[in-house]
Amino acid sequence: MIHTEALTRTFGSGKDTVEAVRGVDLDVAEGELVAFLGPNGAGKSTTLRMLTSLLPPTSGTALVAGTDVVADPAGVRRRIGYIGQKDGAGHSYRVGDELVMQGRFYGLSKSESVERGRRLMTSLDLAGMENRKVSTLSGGQKRRLDIALGLIHEPPLLFLDEPSTGMDPQNRANLWEHILRLRAERGTTIVLTTHYLEEADTMAERVVVIDHGRIIADDTAEALKAEQAGDHVWFSVPAEDADAAAQVLDGHGEQLERTTAGATVGLRYRVGHGTRALPRLVLALADRGIGVAEASVRRPTLDDVFLNLTGRSLREGGPALTTSTEGQPA
Amino acid sequence: MTTSDLVLPARGGAAPERRASSVLTDTGNVWLRETLTIVRDPFSLIFSLLQPLIFLGLFGPLLSGFTGGQDLGGTSPLQWFLPGVVVMITMFGTSMTGSNLQYEIMTGAFERILATPLSRPALMIGRALKELTPLVVQGLIICAVAAPFGFVIHPLGILLGLVLLGVFGVGIGALSYSLAIAARKNEWVFWAVQQTLLFPLLILSGMMLPLEAGPGWMRVASQFNPLTYVVEAERALFAGVLADPSVLWGFVAAFVTAAVGLVVGVRTITRSIF
Ligand SMILES: Nc1ncnc2c1ncn2[C@@H]1O[C@H](COP(=O)(O)OP(=O)(O)OP(=O)(O)O)[C@@H](O)[C@H]1O
Ligand SMILES: [Mg+2]
């Protein structure tokens, strides 16, 4: 469905050049559900805009739905759907009108367009808003309308740039139900970008991690987590025993973190199989006379994968490896 | 028709016939989307009718007083002035239309529309035609209002006059969109350029005041202004003189403007990064 070779895109010239995408090689088969994951400015939108023919690549080639994006952009547009990162619906238009006109832009008849619009509005929780002006919708409602606009012609290949941003959990679930149904019923190929790690983790079959305009990992979420992160075990031990404890634990895994909180020290290690390793490690520490005050196991997240690949966290603000349920560094 | 002349070569796949007919369908759909905003909010249309009437009501008598009630170019001042007002509202409407597009570029709606298979000329033509929809209503109402004050109605002439303005308006609209796209990062540039160009064009067309009384350089400059030919053609048509050579020149000026506008517009759309 998609085949790219060394796709690049630079913006600006001279000193202000931004290399937004630097050599992306990507293959997506028919029916796949792929999530692009990466921090702000990674080049996700730029890649999507090249694949949807909205932006000509600086170099490299991209075949989308069997059509070259540079040679036949109109052909690409006929075969895809695109939901951009910004508002798709025009603010001065009515909700119902935008949906029906979008259907007609894709060559649907008026009645077909009205019917599909009505169904989409029901399933995306927008029923009854046909006559509202788009500018009066809430952020989440606008976003759902954008989704409806992108789905009305039921394209075989769908690109979604941060589709669920701004939606509440209930509506995010509705959106996913819709996307997954579309896929089950019509075999739609779906490429999306997201900032929600959980979303990429649980929904996408394949996660493409992008950073600084390059693909740095590309696999199923499970495989990425197993290869790149492993499980984390965490122990809280008295400060005076910390060095001895570290000595014991170093033989079983890689130390990720050491934090001091008052009279105790927190030690975090990456190990192969966390739930199995934890009791053994507690016993090993006890053998050396080290009393473990607290212990926990954490399954890795895609954030751990990203951290491991880049040394940076995807989570906004927070320090790399602490979660709210565990001890924060003092 | 210009619409089918300007179809970009269909690269790969689609048969030319299909593309040609789809430019018309696409234009109709783009026009419909824009026109729905008027249909849904007719008050904006009613309000836009007031503006030319006020202009006619205030400027017309002034002009009559200026000429001492004497005829202008062989007709009554009203007969002379009214076609100019109709051209003026076309110029105002179509030259400002780019700012709507700028708003749609800003919010992202234009990107969504660019991602649809709509043909690029249709994006320009459909939008510009929308600005002309109220113009037809405005033009007819102005004529009806002016009739009791000595304005003679020549239906066929008025009809042809509106067609001429339609063609010309598509060109000005497309140029306005090109300007809007070129200035999408600085909205004020759009207004600065639009205002800077609009008034010299209007004045140098002899639309508001006859240029015969002006200095020679103005008369020379007006010969290079396509609007001059459009205004003269409109005066002939509204006077019911369909066979006047100025009508032919008016249509030539209108079609050239439309062709230039669409070529520039389509190039700007396909070459810009939004
Ligand atoms: N039109 C443009 N002109 C100049 N630079 C641009 C343009 N579009 C994107 N960039 C730059 O290219 C880089 C990649 O941007 P892009 O929008 O693809 O990121 P992203 O991964 O989608 O980020 P986000 O998560 O914030 O949406 C950024 O540094 C951005 O500033
Ligand atoms: Mg983005």
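**Confidence, fold and the magnesium site of chain A**

In this predicted model, helix α8 (residues 221-229) has the lowest mean pLDDT among the elements of chain A, at 82, and α3(A) the highest, at 96. Here pLDDT is the predictor's confidence in each residue, from 0 to 100, while helices (H or I, at least four residues) and strands (E, at least two) are DSSP runs numbered from the N terminus. Over residues 317-330 of chain A the pLDDT falls below 50, yet this stretch has 23 contacts (heavy atoms within 4.5 Å) beyond near neighbours in sequence. The average for chain A is 88, with 95% of the residues scoring at least 70.

Residues are numbered from 1 along each chain as its sequence is written, and chains are lettered from A and ligands numbered from 1 in the order written. Local features need pLDDT of at least 70 and side-chain atom pairs 80 or more, whereas totals for chains, interfaces and linings use all residues, and side-chain values use heavy atoms, without hydrogens and water.

Turning to the overall fold, chain A holds 11 helices and 14 strands. An automatic or database assignment divides chain A into domain 1 (2-225) and domain 2 (231-299), whose C-alpha centres lie 44 Å apart.

As for the metal, S45(A) (OG) and Q85(A) (OE1) coordinate the magnesium ion (ligand 2) at 1.9 to 2.1 Å. S45(A) lies in helix α1 (residues 44-51) and Q85(A) in the loop between β6 (80-83) and α3 (95-105), so the pair ties together parts of chain A that are 40 residues apart in sequence. Donors are N, O and S atoms within 2.8 Å of the metal (3.2 Å for Na, K and Ca); water is not among the atoms, so sites may look incomplete.
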